[in-house]
Amino acid sequence: MNLNFLSLGILLGVAHAFFLAAYLLSLKSNYVLNFRILAALLLSMGMGMAGNVVHRADFFLAHPYMGWLFPANEFLYGPLFFLYVVSMLNRSFGWKRSFFLHFIPSLLFLAFSVLQAVSFQNFTWEMNGEFLKLLISIQFLVYLFASFKVWLQHSVMIQNYYASLEKIRMNWLRNILIGMCFIYLISLSSFVFTGAEILKLAPLLGAVLIYVTAYLGMKHSRLFATAEVMEPSPAHFQQKNDKYRNSTLGEDRKQEILFKMKDCMQHEKLFTDNKLTLPKLAARMEVSTHHLSQVLNENLGQTFFDYVNEFRVKEVQKLMIDPAYAHYSLLGMAMEAGFNSKSAFNTAFKKHTQQTPLEYRNSFQQKHEIKSDPIGKGASW
């Protein structure tokens with residue numbers, strides 16, 4: 001078998017995929033199902049890349065019926081990736097019998113491959129390759145869209161539940177989704193640029209994606225260690241109109257909750273707790289999380305995340321003019337107000353003031369200097 005550098009790179013990705021899968025299967029934790037699904041996905045991707053190398057070596061010319069094993073494997077990519085995304089974003093995730101329906105296309109092609117092997121019929125992959133590629137591409141696109149939808153729903157949901165998102169935003173999962181989209185676009189180009197050199201990049205990019213997954217796994221403990229809980233209940237995935245349709249919360253009670261919530265923020269300054277969550281605030285107010293969420297969404301039109309960060313931004317604005325905090329840096333003030341990171345602080349501050357923290361402070365200092373020097377001493381004009 002004549003192997004070039006591209007094939008060697010792909011085979012390294014295959015070896016890495018199998019190694020990672022074995023490692024994941026050896027882990028013991030409360031999230032073992034997540035690991036098993038990811039291990040199955042890595043094994044499937046590894047087999048797909050190995051099939052690409054074997055195809056280059058004209059293995060299917062000698063064993064044409066074996067070519068049907070690979071479309072059967074490629075029909076696993078979409079379902080396994082989707083189930084992995086769902087499992088990572090839902091702590092109550094458990095295996096259901098209905099999940100097996102996702103694997104019917106793969107099982108059908110596997111059964112067909114076995115029948116071909118038994119009958120030794122000369123019905124090769126090449127005869128129907130383009131049609132199968134189209135089916136696989138359509139199926140993968142559907143699952144990729146579904147995965148993005150679940151991730152977006154999760155991103156919206158956590159803003160109704162948490163006041164700080166740095167450790168739970170799952171941006172690394174979004175990045176893997178984007179990587180999958182890029183590989184899909186490269187593969188899809190085969191229908192336009194038949195025989196083009198760019199098509200050779202798809203399996204190599206699959207290998208790169210495996211390396212990236214390994215890197216993100218080591219960087220973010222949520223991937224290869226016990227994952228942090230990020231979602232309170234499936235009810236948060238409902239639309240707002242459905243979510244509060246059966247609520248018994250009256251307008252008087254809503255106003256009472258609003259007053260109590262504002263009091264907790266203004267006088268007790270609960271927003272300075274950088275681990276504040278909706279349930280924690282609800283417990284302090286002695287109301288249900290559902291009612292508190294309803295008041296925030298319906299009466300204020302805000303998420304819990306935006307509501308709390310608005311108070312944090314106002315607190316930083318106060319600290320900027322407080323002589324006792326004159327020696328504090330902007331980040332130091334942000335931490336005092338309850339922010340967890342510089343990026344979260346800058347984003348929230350810009351959203352609520354339309355200025356960066358530095359622009360706001362410089363603007364305030366400039367106005368203060370003008371007021372203290374009404375004749376304009378030192379002015380440029």
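1. In this predicted model, the crossing of helices H12 and H15 is right-handed. H12 covers residues 251-266 and H15 covers residues 304-320. Their axes lie 11 Å apart and meet at an angle of about 40 degrees, which makes H12 oblique to H15. The angle falls outside the roughly parallel class, because that class is kept for angles under 35 degrees.

2. On the H12 side, the contact is made by Met-261, Lys-262, Met-265 and Gln-266. H15 contributes Tyr-307, Val-308 and Phe-311. By residue class, the contact of H12 with H15 holds 5 nonpolar residues, 1 polar and 1 charged.

3. Phe-304 also belongs to helix H15. Is Phe-304 buried or exposed? Its relative accessible area is 0%, and Phe-304 therefore counts as buried, the cut-off being under 20%.

4. Which residues are in contact with Phe-304, once neighbours within four places in sequence are left aside? One run is Gln-159, Asn-160, Tyr-161, Tyr-162 and Ala-163. The others are Leu-276, Thr-277, Leu-278, Leu-281 and Leu-296. For Ala-163, the C-alpha to C-alpha distance to Phe-304 is 6.4 Å, although 141 residues separate the two in sequence.

5. The largest nonpolar core has 37 residues. Those with the most contacts inside this core are Leu-24, Leu-41, Phe-81, Tyr-84, Leu-144, Leu-173 and Met-180. At least two residues of the core come from each of helix H1 (5-26), helix H2 (32-56), helix H5 (77-89), helix H7 (129-159) and helix H8 (171-188). Of these helices, H5 gives the most, with 10 residues.

6. Another core, of 26 residues, lies apart from the largest one. Among its members are Tyr-161, Leu-278, Leu-281 and Ala-282. Tyr-161, Leu-278 and Leu-281 are also in the list of residues in contact with Phe-304.

7. For the chain as a whole, there are 18 helices and 0 strands. Of the 381 residues in the chain, 43% are buried. Where contacts join residues at least 6 apart in sequence, 72% of them link residues at least 24 apart. The contact of Phe-304 with Ala-163, at a separation of 141 residues, is one of this kind.

Methods
Residues numbered from 1 in each chain as written. Predicted model: local features only at pLDDT ≥ 70, side-chain atom pairs only at ≥ 80, totals over all residues. Heavy atoms only, no water. Axes fitted to C-alpha atoms, helices over the stretch in contact; angles between N-to-C directions. Helix = DSSP H or I, 4+ residues; strand = E, 2+ residues; numbered from the N terminus. Parallel < 35°, antiparallel > 145°, perpendicular 65-115°, else oblique. Left-handed = near helix turned anticlockwise from the far one by under 90°. Contact = heavy atoms within 4.5 Å. Nonpolar A, V, L, I, M, F, W, Y, C, P; charged D, E, K, R; others polar. Core = buried A, V, L, I, M, F, W, Y, C linked by side-chain atoms within 4.5 Å. Buried < 20%, exposed > 50% of the residue type's maximum accessible area, 1.4 Å probe, protein only.
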